Amino acid sequence: MDQQATLGVLGGMGPLATVDFMNKLIEQTQATSDQQHIPLMVCSVPQIPDRTRFLTSGGEDPFPAMLQGLKMLKRAGVDCFVIPCNTAHYWHQKLLQHSYMSSISIIDCVLDEIEFRKLKKIGLLATSATIKTELYQKRIASLSRQTIIPDSHGQSLVMQGIHDIKAGKIDSGCAKLTAQFQRLLEQGAEAIILGCTEIPLALQGLTATQPERCLDATLLLAQACVKRYQQPQMQAA
């Protein structure tokens, strides 16, 4: 790995999810010393306007704040950025066009895993904005696969669970999200995309005991980052 290569994290959406991504990145890195870990520059700004509110009911556009964060990362020497927030990927292409940096997309990471596992029916737990904008559904349909999403009442409970996690009420969020996870399995889903980076924080029990049923977007993003940044170093060793 080029010693100058630094991975940038545009985070804070939300703060716990950003820390979860960083933890998973460290856990997935094969390192025996500090120096073997991936150089990381993190911009965690929780004050970025709410992505779901803007996309579903109007409000302040989060794009300018996200772009400002990316510019900070670029000035700090970042050569590639990631966003540990699924809904924020509604602006991913626009951010790429304005940032002049490369990026690893959390959506791409999940789609690659779906193809690798040869899954046909995939459940999706995500924010209402991610579902409304069909960030996953369109890509999954392009692979001739089927997406199963909660009904309107179930989606309301998913959002309540996500808000619980953001408020630090992990147990409450876990109960709501676990119920919807099981409901999607009952409807024929072979695996469920944990398509909001708050969700894996509540469903750690399921990701540990039923990994074959989970598509943890945060974990898949971390694994892709390790593969990109550490593989050249390992080959050169």
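The sheet in this predicted model is an open one, built from 4 strands in the order β2-β1-β3-β4, with parallel pairing. Its edge strands are β2, residues 40-44, and β4, residues 102-103, each of which pairs on one side only. Helix α1, residues 15-28, packs on this sheet and touches β1, β2 and β3. The direction of α1 makes about 165° with that of β2.

Let me turn to the other edge. Strand β3, residues 80-82, pairs with β4 in the parallel sense over 2 bridges, and F81 stands opposite S103 in β4. Across β3 and β4 lies helix α4, residues 92-99, which runs at about 155° to β3.

I now come to the charged side chains. How many salt bridges does the structure hold? The count is 7, and I shall discuss some of them.

In one of these, the side chains of R139 and D108 meet, at 3.0 Å from N to O. R139 belongs to helix α7, residues 137-142, and D108 to helix α5, residues 106-117, so the pair ties together parts that are 31 residues apart in sequence. Both partners may be examined for exposure. R139 is partly exposed, its relative accessible area being 34%, and D108 is likewise partly exposed, at 32%.

A further salt bridge joins K166 and E198, at 3.3 Å from N to O. This pair also links distant parts of the chain: K166 is in helix α8, residues 152-166, whereas E198 is in the loop between β7 and α10, 32 residues apart. Is E198 buried or exposed? With a relative accessibility of 3%, E198 counts as buried, because the cut-off for that class is under 20%. Its partner K166, at 40%, counts as partly exposed.

The next pair lies within a single helix. E186 forms a salt bridge with R183, the closest N and O atoms being 3.5 Å apart. The two residues are 3 apart in helix α9, residues 170-186, and are therefore separated by about one helical turn. E186 counts as exposed, at 60% relative accessibility, while R183, at 42%, counts as partly exposed. Elsewhere, salt bridges that share partners join D20, K24 and D216 into one network.

Finally, a word on confidence. The mean pLDDT of the chain is 94, and 95% of its residues reach 70 or more. Over residues 233-237, however, the pLDDT is below 50, and beyond near neighbours in sequence this stretch has 3 contacts in the model. Where pLDDT is low, the predicted coordinates should not be read in detail.

Terms used: Residues numbered from 1 in each chain as written. Predicted model: local features only at pLDDT ≥ 70, side-chain atom pairs only at ≥ 80, totals over all residues. Heavy atoms only, no water. pLDDT = per-residue confidence, 0-100. Contact = heavy atoms within 4.5 Å. Pairing = 2+ DSSP bridges. Axes fitted to C-alpha atoms, helices over the stretch in contact; angles between N-to-C directions. Salt bridge = Lys/Arg side-chain N within 4 Å of Asp/Glu carboxyl O. Buried < 20%, exposed > 50% of the residue type's maximum accessible area, 1.4 Å probe, protein only.
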